[in-house]
Amino acid sequence: MSTSTLRLFIEEQAELAGVYTNTAVAVAVAESNLIWNAKNPKSSASGVYQWISGSWNSICKPLGFENVFNPVENIKCAINTLKEPQGEKHWESSSFAWRMQ
């Protein structure tokens, strides 16, 4: 999936969920530069939103999302998380790169 397609999908999903579109895109850009199969070599962080395995298993799997490297699932779980109160906290460690965007 191309980065432009990912960006459009993120914008669409954010708008549908009532999530600030610029934030949803900025977090994904900061985390993976919109690379669907990004993998941090120093941690379990994976996919567009760089979900760590513990968070993926506790947040996304109960919602029915199975594959962190499936960009649709990765993005939908992130948007679902971002719409929650304090949802941005899951990406706090990269906030220096996306909060000002």
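**Note on the helix packing, the disulfide and selected residues**

1. Ser46 is a useful place to enter this predicted model. Leaving out residues up to four places away in sequence, Ser46 touches Ala38, Lys39, Trp51, Val68, Phe69 and Asn74. Ser46 belongs to the loop between helix 2 and helix 3. The relative accessible area of Ser46 is 5%, so this loop residue is buried, the cut-off for buried being under 20%.

2. One of the residues touched by Ser46 is Asn74, which has its place in helix 4. Asn74 counts as buried because its relative accessibility is 0%. With neighbours within four places in sequence set aside, the contacts of Asn74 are Ser46, Gly47, Val48, Tyr49, Trp51, Trp56 and Val68. Trp51 and Val68 appear in this list, and they also appear among the contacts of Ser46.

3. How many disulfides does the structure hold? There is one. The disulfide is formed by Cys60 and Cys77, and their sulfur atoms are 2.1 Å apart. Cys60 is in helix 3 (residues 53-60) and Cys77 is in helix 4 (residues 71-82), so the bond ties together parts that are 17 residues apart in sequence. The torsion about the S-S bond is about -95°, which means that the disulfide is left-handed.

4. Are the two cysteines buried or exposed? Cys60 has 0% relative accessibility and so counts as buried. Cys77 also counts as buried, because its relative accessibility is 0%.

5. Further details are available for Cys60. Apart from neighbours within four places in sequence, Cys60 is in contact with Trp51, Ser55, Phe65 and Cys77. Trp51 is thus named again, having been listed for Ser46 and for Asn74. A longer separation can be given as well: Cys60 and Gly18 are 42 residues apart along the chain, and 19 Å lies between their C-alpha atoms.

6. The helices joined by the disulfide also pack against each other. The axes of helix 3 and helix 4 are 11 Å apart, and the packing angle is about 75°. The two helices are therefore roughly perpendicular to each other, a description that covers angles of 65 to 115 degrees. On the helix 3 side the residues are Trp56, Ile59 and Cys60, and they meet Glu73, Asn74, Cys77 and Thr81 in helix 4. Sorted by class, this contact has four nonpolar, two polar and one charged residues. Both cysteines of the disulfide are in this contact, and so is Asn74.

7. Helix 4 has another partner in helix 1. Helix 1 and helix 4 pack with their axes 10 Å apart and at an angle of about 35°. Their crossing is right-handed. Helix 1 contributes Leu6, Phe9, Ile10, Gln13, Ala14 and Ala17 to the contact, and helix 4 contributes Pro71, Val72, Ile75, Lys76 and Ile79. By class, nine residues of this contact are nonpolar, one is polar and one is charged.

8. At what angle do the axes of helix 1 and helix 2 cross? The axes of helix 1 (residues 3-17) and helix 2 (residues 21-32) cross at roughly 140° and come within 8 Å. This angle makes helix 1 oblique to helix 2. The crossing of these two helices is right-handed. From helix 1 the contact takes Arg7, Ile10, Glu11, Ala14 and Glu15, and from helix 2 it takes Thr21, Ala24, Val25, Ala28 and Val29. The residues of this contact comprise six nonpolar, one polar and three charged. Ile10 and Ala14 take part here and also in the contact of helix 1 with helix 4.

9. Two residues deserve a check of their backbone. Asn33, although not a glycine, has a positive phi of about 55°. Asn33 lies in the loop between helix 2 and helix 3, as does Ser46. Gln86 is not a glycine either, and its phi is positive at about 65°. The loop between helix 4 and helix 5 (95-98) holds Gln86. With 63% relative accessibility, Gln86 counts as exposed, whereas Ser46 is buried.

How values were computed
Residues are numbered from 1 along each chain as its sequence is written. This is a predicted model: local features need pLDDT of at least 70, side-chain atom pairs count only at pLDDT 80 or more; totals for chains, interfaces and linings use all residues. Side-chain values use heavy atoms; hydrogens and water are left out. A disulfide is a pair of cysteine sulfur atoms within 2.5 Å. Helices (H or I, at least four residues) and strands (E, at least two) are DSSP runs, numbered from the N terminus. Buried means under 20% relative accessible area, exposed over 50%, partly exposed in between (1.4 Å probe, protein chains only). Axes are lines fitted to C-alpha atoms, for helices over the stretch in contact, and angles run from 0 to 180 degrees between N-to-C directions. Angles under 35 degrees count as roughly parallel, over 145 as roughly antiparallel, 65 to 115 as roughly perpendicular and the rest as oblique. A crossing is left-handed if the near helix is turned anticlockwise from the far one by less than a right angle, and right-handed if clockwise. Contact means heavy atoms within 4.5 Å. Ala, Val, Leu, Ile, Met, Phe, Trp, Tyr, Cys and Pro count as nonpolar, Asp, Glu, Lys and Arg as charged, and the others, Gly among them, as polar.
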